[in-house]
Amino acid sequence: MSGQVSPPTGRRSNVLIGRQQECARIDQLIEVVRAGGSGPLVIHGVPGVGKTALLDYIDGHSKGCQIARAGGVQSEMELPFAGLHQLCAPHVSRIDRLPPPQRQALAMVFGVADGAPPDMFMTGLSVLGLLSEVARDKPLLCLVDDQQWLDHASIQVLAFVARRLGAESVGLVFGTRVPGRELTGLPTLKIAELSQADSRTLLDSVLTASLDQRVRDQIVAETRGNPLAMMELVRGNTPAELAGGFAIPGGTALWGDVEEGFRYRIGLLPAQSRQLIRIAAADPTGDPALVRRAAHRLGIEADAEAPIVDAGLAEFGARVRFRHPLARSVSYWSARPSDRQQVHGALAAETNRERDPDRYSWHLAQAAGGPDEAVAVELERSAGRARARGGLVAAAAFLERAAILTLDPVRRAQRALTAAMAKLTAGEFNAAGELLELAESGPLTDLQAATVALARAHLAFALSRGGEAPLLLFRAAERFRTIDPATARDTYLDALAASAFAGRAASPGGGVLDVARAALSMPVPADREPTDFLLAGLAANFTDGYAAGVGNLQHALVAFDEVRSGVMPADRELRWMWLMTLAALHLWDDDQWSTLSRRYVELARTSGALSELPLALSTRAMMLSFTGDLVGLAVLAEEQAAVTDATASQLAPYSGMCLAAMRGRRDESYSLIGSAAERGTSRGEGISAAVAEWTRAILHNGLGEYAHAMAAAQRALDLQEYPDRHYPGIANWAAAELVEAAARRGETGVAIEAADWIAEMTAASGTNWARGVGARSKALVAEGAEAETQFRDALASLQQTSVDAELARTRLLYGEWLRRERRRADARNQLRTAYRMFDAMGMEAFAERARRELQATGETARKRTASTGNTLTAQETMIARLARDGLSNPDIASRLFISARTVQYHLHKVFTKLAINSRTQLDRVSL
């Protein structure tokens with residue numbers, strides 16, 4: 001904490017000594033919230049530096065605002081949503097005002113409803129909605145102290161809320177020692193130690209007697225500007241001791257470590273008081289009745305409270321409240337393990353097993369001195385309840401403790417494996433690895449051993465898409481071949497996708513050819529699933545060439561469509577959706593890619609699978625880049641950025657890169673491309689770097705900088721090159737960019753080689769998109785009548801597709817060729833149409849390239865007048881489109897991970913910009 005002193009003048013009655021700048025920053029946030037805005041703030045610094053005092057300052061200086069407080073408790077870190085309960089419990093009656101999905105999610109989190117576990121991010125959206133509802137009465141400031149000890153489920157949700165605050169009149173302030181991964185990117189306020197002058201002022205303000213100047217200087221120097229250290233020193237020594245300086249030598253431990261000061265004072269308490277404060281520290285609910293019942297069970301008299309209060313360590317009122325979180329922590333951890341077990345045993349005995357079964361089992365587990373099968377069973381039940389509420393981390397913690405308390409090695413291995421899988425799903429990767437080691441220490445069946453191997457592979461893939469992940473997935477698939485062939489085939493498919501992600505970064509033995517050959521050696525099942533066709537098609541592409549895989553990939557899409565229209569479970573459909581869209585992309589099938597990518601986004605949204613949504617949005621955005629819907633692409637790029645931010649996804653900003661390149665925005669493109677390439681390299685993802693180089697090639701082709709475009713396209717192909725062939729997908733597109741750039745550079749040999757590779761694929765595919773790109777590529781390396789024939793064939797094919805950006809680019813190239821052939825009138829027709837298409841799409845660099853070519857034919861192109869839709873930001877356009885489509889404000893809020901009040905705020909701005917009065921008029925304007 002920091003000391004306080006009243007200023008001679010000013011409107012603040014209590015200003016923290018030495019914290020003028022910090023208080024000014026906090027005052028700004030308070031004013032923003034009062035004015036209808038919102039914002040997060042992370043206050044961080046070493047123990048005792050004054051974080052709690054600044055939160056108290058907010059509490060005491062927020063006239064006209066509501067305050068909600070919560071605090072992390074070290075002994076409660078594994079209980080799901082414990083911190084969220086503290087913050088939201090006073091407002092639980094407002095849950096009924098939320099939309100049904102959000103209401104159900106919070107009801108399950110608070111244990112008052114049953115059902116499927118809510119998605120973590122649906123829970124976050126529900127909490128955002130609840131806080132927004134609370135703030136309708138008056139602005140709300142949420143204060144969360146000791147975030148480093150908050151349970152994982154709560155901090156995940158609150159970090160989500162902090163990133164999605166908009167126009168709710170809500171402030172969310174965290175106090176923590178070091179901002180963790182969850183809070184990365186949020187505004188921070190670091191609290192430094194006090195200066196010597198401020199330290200002297202604080203010390204003088206709390207002394208009750210005069211102090212020798214030299215002793216005061218020594219105290220200031222040795223406490224190093226830590227306010228709590230100074231305050232505790234004064235509390236722990238008499239004025240005579242301080243004045244004479246006799247306490248200084250013995251107090252060095254206190255000044256060097258604030259926690260030692262609390263440990264010293266706790267040690268001075270009578271035995272029963274020490275035991276009582278341990279009980280209070282072990283019970284994070286602050287329920288004085290429960291603490292007193294547990295104390296009575298251990299024979300502790302009522303008068304044991306007085307020494308604790310007199311020492312200034314804790315208060316026993318309507319709630320048990322420690323003077324400082326460090327006092328609670330030290331009270332608990334300074335006790336011997338046997339003393340903590342005794343305390344937890346008393347608390348378990350006095351906890352209502354029916355109303356609070358999870359806390360009961362947790363106390364029971366902490367009380368166990370050794371293996372206890374009955375307690376392990378209780379923990380498994382609690383894990384099931386936690387999982388049902390979406391508390392995956394808590395479920396894993398219960399299971400982990402259950403494994404530790406299990407004596408039978410077979411059961412211990414199974415429980416450790418189950419806990420590891422839960423930790424893996426919850427993103428607790430280090431803990432998952434440790435539990436897998438514990439599982440491997442016991443006897444495992446062949447199936448369990450294979451499952452451990454698969455878990456390790458998925459763990460590696462989660463940490464890094466490249467490197468050893470493909471090899472580990474490959475080996476896991478091999479282990480399942482005889483145990484569970486269906487799982488083996490699914491794992492081969494995962495391994496193939498992982499090796500494609502990794503490219504050349506895959507570990508030796510885990511490359512695409514290794515995986516593909518092994519996958520094809522699997523017996524073909526009599527009743528083939530869509531994924532069996534998909535695996536066969538992708539594998540054959542690598543072993544025998546593109547044409548060899550086409551038939552199976554086409555069968556995969558047809559079979560998948562048939563199963564989807566039947567009774568295919570949504571989770572399984574979602575499980576394979578990305579690879580199915582990849583199959584459509586391989587085949588140059590724009591109809592299927594459009595249908596599947598749209599369904600992918602819809603499925604990820606409606607099922608609440610927000611971990612899948614960034615990839616779904618990126619896949620759909622790529623499709624829109626080829627159709628030329630850059631407004632839609634911008635909307636999806638904005639949404640992908642929002643979801644990526646909200647979910648802390650590691651997916652590269654593919655949508656944003658593609659949008660910037662298609663528009664011809666050099667600086668914006670280079671910033672995003674550099675970020676994606678760096679991330680791809682660090683994570684061993686060759687595909688990220690390949691996409692980055694492909695978009696760089698688009699950018700430079702649009703700008704007419706063909707040397708740079710050619711180099712970028714070649715790098716993209718090199719990153720996706722395997723023995724004798726390229727990996728289709730990004731390589732398709734990069735090869736097309738290479739043909740254009742090389743042809744315009746006069747690098748005929750390079751252009752012909754790339755055009756031949758494209759022709760091999762497009763001939764096998766046979767779709768209109770494929771035929772169009774194939775013919776265009778041939779035209780660029782042909783001459784005379786042959787070139788014109790190919791250009792016309794390309795236009796005829798592409799006009800039957802939805803890929804209008806490809807059509808416009810083909811018209812541009814044809815027009816440029818016609819101008820070089822001195823057929824100006826014919827050139828104008830193609831260039832004029834190309835220019836209009838590019839201009840309407842917003843492909844600015846290509847439009848400028850077409851305009852220059854058109855001008856060279858003797859015609860001047862007029863730039864169109866911007867539509868009213870262009871005055872809107874991407875987020876405003878997205879909200880306006882959804883409102884136009886009939887979605888309500890809560891529905892839009894759910895889709896965009898913002899509150900309904902923020903939606904209304906943006907709609908008001910939309911109406912003003914478009915000069916309309918209501919959402920019913922949105923269909924009259926261009927969006």
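These exercises treat salt bridges, one helix pair and backbone angles in a predicted model.

Residue numbers start from 1 along each chain as its sequence is written, and side-chain values use heavy atoms, without hydrogens or water. In this predicted model, local features need pLDDT of at least 70 and side-chain atom pairs count only at pLDDT 80 or more, while totals for chains, interfaces and linings use all residues.

**Exercise 1. Place the salt bridge between glutamate 350 and arginine 293, and state whether each partner is buried or exposed.**

Step 1. Fix the criterion. A salt bridge is a side-chain nitrogen of Lys or Arg within 4 Å of a carboxyl oxygen of Asp or Glu. The structure holds 45 of them.

Step 2. Check the distance. The closest N and O atoms of glutamate 350 and arginine 293 are 3.3 Å apart.

Step 3. Locate the partners. Glutamate 350 belongs to helix α17 (residues 337-350) and arginine 293 to helix α14 (residues 288-297). The two residues are 57 residues apart, so the pair links distant parts of the chain. Helices (H or I, at least four residues) and strands (E, at least two) are DSSP runs, numbered from the N terminus.

Step 4. Classify accessibility. Buried means under 20% relative accessible area, exposed over 50%, and partly exposed in between (1.4 Å probe, protein chains only). Glutamate 350 is buried because its relative accessibility is 17%. Arginine 293, at 37%, is partly exposed.

**Exercise 2. Which elements hold arginine 832 and glutamate 859, and which helix holds glutamate 848 and arginine 852?**

Step 1. Take arginine 832 and glutamate 859. Their salt bridge has its closest N and O atoms 2.7 Å apart. Arginine 832 lies in helix α42 (residues 824-841), glutamate 859 in the loop between α43 (844-856) and α44 (874-884). They are 27 residues apart and link distant parts of the chain. Arginine 832 is partly exposed, at 22%.

Step 2. Take glutamate 848 and arginine 852. Here the closest N and O atoms are 4.0 Å apart. Both residues lie in helix α43, 4 residues apart, about one turn of the helix. Glutamate 848 is partly exposed at 26%. Arginine 852 is partly exposed too, at 38%.

Step 3. Look for shared partners. Glu737, Glu740, Arg744, Arg809, Glu816 and Arg849 are joined into one network by salt bridges that share partners.

**Exercise 3. Describe how helices α31 and α33 pack.**

Step 1. Set the geometry. Helix α31 (residues 613-627) and helix α33 (residues 654-663) pack at about 15°, with axes 9 Å apart. Axes are lines fitted to C-alpha atoms, for helices over the stretch in contact, and angles run from 0 to 180 degrees between N-to-C directions.

Step 2. Name the arrangement. Angles under 35 degrees count as roughly parallel, so α31 and α33 are roughly parallel to each other.

Step 3. List the contact (heavy atoms within 4.5 Å). Helix α31 supplies Leu617, Ser618, Ala621, Met622 and Ser625; helix α33 supplies Tyr654, Ser655, Cys658 and Met662.

**Exercise 4. Where do aspartate 146 and arginine 822 lie, and is each buried or exposed?**

Step 1. Aspartate 146 has a positive phi near 50°, in a residue other than glycine. Its place is the loop between β5 (140-145) and α6 (152-164). Aspartate 146 is buried, at 7%.

Step 2. Arginine 822, also not a glycine, has a positive phi of about 65°. Arginine 822 sits in the loop between α41 (804-820) and α42. At 74%, arginine 822 counts as exposed.

Terms used:
Angles under 35 degrees count as roughly parallel, over 145 as roughly antiparallel, 65 to 115 as roughly perpendicular and the rest as oblique.
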